[in-house]
Amino acid sequence: MAKVLVLFAHPGQRHSRVNVPMARIASSIDGVTFVDLYAQYPKLDIDVDSEQERLLQHDVIMFQFPIYWYSTPSILKEWQDLVLEYGFAYGRTGDKLAGKVFLPVITAGGPDHAYTEQGSNRFRLRALLSPLEQTANLCQMRFIAPYALFSAHDAHSNDRFDQHLEGYRRLLEALRDGTVDIDAAARLELLSTDTLPLQEGKADE
Ligand SMILES: Cc1cc2nc3c(=O)[nH]c(=O)nc-3n(C[C@H](O)[C@H](O)[C@H](O)COP(=O)(O)O)c2cc1C
C-alpha cells in the first residue's frame, strides 16, 4: 500500500461548504495522513525538519485547497518556499522526493467555462497551476492531473457535491491501493468523478 499525505490549506474554514467535508473524508481513511496546515501552523512558523521527515515517509503528496486569487492559499506557498530546500528536494544531491506522486485537489468558485482561453478567467485551471506542476517536475515527482470541482458555491444545490465527495474517497483509496494508472492520470487535463483512470484488472481487486 502507498502512503498518502494530504496537506490541507483553507484559511476560512468556518465559511467552507466543500473543503471541510472533503477534509473529513480524507482524515477518516486508513493509510492517509491528513494535515491541516493552518491548524498546525497558525503563525506560519513551519517546522522544516518535521515537514521534510513527513515527506520522506509518504509516496503520494496532495495539496488540498480552495483556489484563492488564481493560486494557492498563502501557507502552501510558504510551505514550498521553506520545505522544498536545495539539496533535499532539488539540486545536485536533492533527490529525496524523486518518484513520488504529486497532485493538487482544488475547488474553484468559478464555473468550468470561465477557465478557458475564451472564458472570463482567460486561462485553463491547469495552466494557472503550472508553477505547481513545474515545482513537482523539478523535484522529480510525477505530477498527475488535479482533482477539481468548479462552481463550488452551488454544488450543494444539485447532486454534484455528493458525487465529488464520493469521488474524493475513491481517489484517495485508489492512490493508497496503487490502482490508479499514474501514466494515464498524468496525461489527463483534470481528474473528476468521471475520469479516474484505474489500472486494468486492478479496479475490482
Ligand atoms: C480570497 C478569495 C479568493 C478567491 N479567489 C478565487 C479565484 O481566483 N478563482 C475562483 O474560481 N474562486 C475563487 N474564490 C472562491 C473559492 O475558491 C471558493 O469559495 C471555494 O473554492 C469554495 O470552497 P469552500 O466551500 O470549501 O470554501 C476565492 C475566494 C476567496 C475567499
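A residue is called buried when its relative accessible area is under 20%. This cut-off is used below for a predicted model, beginning with one of its strands.

Strand β3 covers residues 60-66, and seven of its seven residues are buried. In a regular strand, side chains point alternately to one face of the sheet and to the other. In β3, one side carries Val60, Met62, Gln64 and Pro66, while the other carries Ile61, Phe63 and Phe65. Residues of both sets are buried, so neither face of β3 is left uncovered under the cut-off of 20% relative accessible area.

Which strands pair with β3? Strand β1, residues 4-8, runs parallel to β3 and is joined to it by five bridges. Within this pairing, Val6 has Met62 of β3 as its bridge partner. Strand β4, residues 101-107, also pairs with β3 in the parallel sense, over seven bridges. Here Ile61 is matched with Phe102 in β4.

Between β3 and β4 the unit includes a helix. Helix α4, residues 74-83, forms a β-α-β unit with β3 and β4, and this unit is right-handed.

The next residue to look at is in a loop. Ala9 belongs to the loop between β1 and α1, the latter being residues 19-28. Is Ala9 buried or exposed? Ala9 has a relative accessible area of 0%, which is under 20%, and therefore counts as buried. Along the chain, Ala9 and Arg54 are 45 residues apart, and their C-alpha atoms are separated by 17 Å.

The model also holds a ligand, with 17 residues around it. Ser16, Arg17, Ile67, Thr107 and Tyr115 come nearest. Sorted by class, the shell consists of nine nonpolar residues, seven polar residues and one charged residue.

Where do polar atoms of the protein approach the ligand's oxygen atoms? At Arg17, a backbone N or O atom lies 2.7 Å from an oxygen atom of the ligand. At Thr107, an N or O atom of the side chain is 2.6 Å from a ligand oxygen atom. At Gly110, a polar backbone atom is 2.8 Å from an oxygen atom of the ligand. On its own, the ligand has 630 Å² of accessible area, and the protein covers 77% of that area.

Methods:
Residues are numbered from 1 along each chain as its sequence is written. This is a predicted model: local features need pLDDT of at least 70, side-chain atom pairs count only at pLDDT 80 or more; totals for chains, interfaces and linings use all residues. Side-chain values use heavy atoms; hydrogens and water are left out. A residue is near a molecule or strand if one of its heavy atoms lies within 4 Å of it. A polar contact is a pair of N or O atoms within 3.5 Å; within protein, one must be able to donate a hydrogen and the other to accept it, and residues adjacent in sequence count only if both atoms are side-chain atoms. Accessible areas come from the Shrake-Rupley method with a 1.4 Å probe; for residues, only the protein chains shown count as cover. Ala, Val, Leu, Ile, Met, Phe, Trp, Tyr, Cys and Pro count as nonpolar, Asp, Glu, Lys and Arg as charged, and the others, Gly among them, as polar. Buried means under 20% relative accessible area, exposed over 50%, partly exposed in between (1.4 Å probe, protein chains only). Helices (H or I, at least four residues) and strands (E, at least two) are DSSP runs, numbered from the N terminus. Two strands pair if DSSP finds at least two bridges between them. A crossover is right-handed if, with the strands pointing away from the viewer, the path from the first strand over the helix to the second runs clockwise.
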